[in-house]
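Dear colleague,

I am handing over the structure we spoke about, and it is placed just below. My notes on what was found in it follow.

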Amino acid sequence: MKNSVKLLTLFIAAIAFVAINTAMTQKEGEPWVIPAKYKSMKSTIKAGDPSINTTGKELYNQHCRSCHGTKGLGDGPKARNLKTSTGDFSSKAFQDQADGEIYYQSFVGRDEMPNFEKKIADEGDRWAVVYYIRTMKK
């Protein structure tokens, strides 16, 4: 009888553990619906200027790193508290997107991804962040 109670308790604890972890697992976000004007959008800054990467990195570290992680892998300290996965900026699927698509996702946002149009108001600074994110490819 004692062994039966122990086994039942262990079984219930295992089920509870699985249920809690399943409930806390992040889901993949729905595909982004990006307006056509953003898909064809082109950068307003010239690539190759070293200050672009410096500015992009500084702004990324200030506004993006806490969720997306230092290398854009989606492993920032705030990421685990989100319901939706933050994605992987180094992945081929992400890097294959047009610059305007990354711009839209990064600054217009949706759901748990906040809008950054007011926090990063300068158009050139926004493009610097997009260029910096491009350096994260595998």
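To begin with the aromatic side chains, ring pairs join Trp-32, Tyr-38, Tyr-103, Tyr-104, Phe-107 and Trp-127 into a cluster; please keep in mind throughout that this is a predicted model. Two arginines sit over rings that belong to this cluster: Arg-110 lies over the face of Trp-32, 4.2 Å from the ring centre, while the charged end of Arg-126 is placed over the ring of Phe-107, at 5.9 Å from its centre.

In total the structure holds eight aromatic pairs. One of them is formed by Tyr-60 and Tyr-132, whose ring centres are 5.5 Å apart and whose planes meet at 55°, so the pair is classed as tilted. Because Tyr-60 belongs to helix α3 (residues 50-63) and Tyr-132 to helix α7 (residues 123-134), this pair ties together parts that are 72 residues apart in sequence. Tyr-60 and Tyr-132 are both buried.

Helix α7 itself deserves a closer look. Its twelve residues reach 17 Å from the first C-alpha to the last, which is close to the 16 Å expected at 1.5 Å a residue. The helix is mostly covered, with ten of its twelve residues buried, among them Arg-126, Trp-127 and Tyr-132, and the buried residues of α7 pack against α3, α5 (92-95) and α6 (99-107). At the start of α7, a side-chain oxygen of Asp-122 comes to within 3.0 Å of the backbone nitrogen of Gly-124, and Gly-124 is also one of the buried residues of the helix.

With best regards

Key
Residues are numbered from 1 along each chain as its sequence is written. This is a predicted model: local features need pLDDT of at least 70, side-chain atom pairs count only at pLDDT 80 or more; totals for chains, interfaces and linings use all residues. Side-chain values use heavy atoms; hydrogens and water are left out. Rings of Phe, Tyr and Trp (its six-membered ring) pair if their centres lie within 6.5 Å; planes under 30 degrees apart count as stacked, over 60 as edge-to-face and the rest as tilted. Helices (H or I, at least four residues) and strands (E, at least two) are DSSP runs, numbered from the N terminus. Buried means under 20% relative accessible area, exposed over 50%, partly exposed in between (1.4 Å probe, protein chains only). A charge sits over a ring if NZ of Lys or CZ of Arg is within 6 Å of the ring centre and within 35 degrees of the ring normal. The expected span of a helix is 1.5 Å times one less than its number of residues. Contact means heavy atoms within 4.5 Å. A polar contact is a pair of N or O atoms within 3.5 Å; within protein, one must be able to donate a hydrogen and the other to accept it, and residues adjacent in sequence count only if both atoms are side-chain atoms.
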